[in-house]
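Dear colleague,

Please find below the structure I promised to hand over, together with its sequence. My notes on two of its elements follow.

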Amino acid sequence: MKSDISKLKTEFFSLYGDRDREPVLFYSPGRVNLIGEHTDYNGGYVFPCALDFGTTLLVRMCSGREIRMNSLNFPGEVVIPLSLNYLPVPRSWTNYPVGVINEFARKGIAAPAMEMLFTGDIPNGAGLSSSASIEMVTAVAMNELSGAGLEMIEMVKMAQKAENGFVGMNCGIMDQFAVGFGRANHAINLNCDTLEYRYAPVSLGDRKLVITNTNKRRGLTDSKYNERRAECEKAVALISLHRPVRNLSDLTVSDLWMIDSYIPDPVVRKRAKHVITENGRTLDAIKALENNDIALLGKLMNESHDSLCTDYEVTGAELDTLVYEGRKLPGVIGTRMTGAGFGGCTVSIVESAHAKEFISRLGEIYNAKTGLTADFYLPGIGDGARRV
Ligand code: GLA
């Protein structure tokens, strides 16, 4: 899945000419979340890692008053006049980079005229953060070309803001953080309330991480996502009538009685239960990995999916087929959906000796049951967004 840099350069020069002036190369990964789902916007814990595939950007400053954007993934050039207040264009991929450029502008850091060529090998809309990846590759490039000298955490927050305000997806901070702060062979133990984080080495021994893409076309993801956020806010408002809580992550499993006592709506109650129990599982999973107890990590991943299926209701037939059929196969230690849900991908830990069989058998079963063809990836864990 590695991008082909020389092909990209050839394309760059055929689009923009002037072979004497070299463009600069930036790269930003995708991410997979091992556990801690729908906790980030509730001030909770997440445990993602950056992948070894992502988005590559070649960029060169130029004369004029425009930013020229091309992508090998989307046809057609988009030309954006320099501005201090950019506006989104309905359904265009350029909203991700332009949203970030707009955040820089809001800080008084004006974009230079640029020629940009993007390419990415993260499947779009598959829950592996192709959006955060294109945002963060733009942020690190803008930071360097403008000489702004912003810290990574600042850029992570700006990219999240761009996604919230410019793209219109009300995401938490996990994706941009994981993509910005990723470290090879490590997962990031992030507290989304304080933004404190620690790296945890991921050494799975004779087991492999397998990502499986449902290839289900995403439909209502954004509206359902926002609906879940609103349900969590409602839970906090109801509990706050009795106890001071800032967010659901102020509560632990020993407080679960509160949701039964204070939340009359059974749906809102289930949503709160997921968030509270998921935080507990995430902390346990981080410890399990530290203790090299991969069996326990797998068990917690399974429980995470069950909770996302039953209490948070963000899975759906395709993800559930992959997970519940996958669990029946030999060598599967844990398997769950990853990302927002409603489609997208699962992440599984599978014994290396059984990985091939897992891929072929699950692929067949999934196709027979859903009519869809799944894609399988055996990702490495890579570094975060950077100049190459
Ligand atoms: C999406 C969002 C993240 C996070 C996950 C669910 O990936 O962008 O902020 O909420 O869903 O854990």
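Please bear in mind that this is a predicted model.

I begin with helix 11. What covers its buried residues includes strand 9 (207–213), helix 10 (317–326), strand 10 (332–338), strand 11 (345–351) and strand 12 (375–377). The residues of helix 11 that are buried are Ala355, Phe358, Leu362, Gly363 and Tyr366.

Phe358 also marks the centre of a kink of about 30° in helix 11. As for its length, helix 11 comprises 19 residues (352–370). At 1.5 Å a residue these should span 27 Å, and the C-alpha atoms at the two ends lie 26 Å apart, so the expected and modelled spans agree. Just after helix 11 comes Gly371, whose phi is positive, at about 80°.

The second element is strand 1, which runs from residue 24 to residue 33. Strand 1 is mostly covered, with ten of its ten residues buried, that is, under 20% relative accessible area.

Strand 1 pairs with two strands, as follows:

- With strand 3 (residues 48–61), strand 1 forms an antiparallel pairing over nine bridges. Within this pairing, Val32 has Cys49 of strand 3 as its bridge partner.
- With strand 13 (residues 386–387), strand 1 is likewise antiparallel, over two bridges. Here Phe26 is bridged to Arg387 of strand 13.

In general, side chains in a regular strand alternate between the two faces of the sheet.

Yours sincerely

Technical notes
Residues are numbered from 1 along each chain as its sequence is written. This is a predicted model: local features need pLDDT of at least 70, side-chain atom pairs count only at pLDDT 80 or more; totals for chains, interfaces and linings use all residues. Side-chain values use heavy atoms; hydrogens and water are left out. Helices (H or I, at least four residues) and strands (E, at least two) are DSSP runs, numbered from the N terminus. The expected span of a helix is 1.5 Å times one less than its number of residues. The bend at a residue is the angle between axes fitted to the seven residues ending there and the seven starting there. Buried means under 20% relative accessible area, exposed over 50%, partly exposed in between (1.4 Å probe, protein chains only). Contact means heavy atoms within 4.5 Å. Two strands pair if DSSP finds at least two bridges between them.
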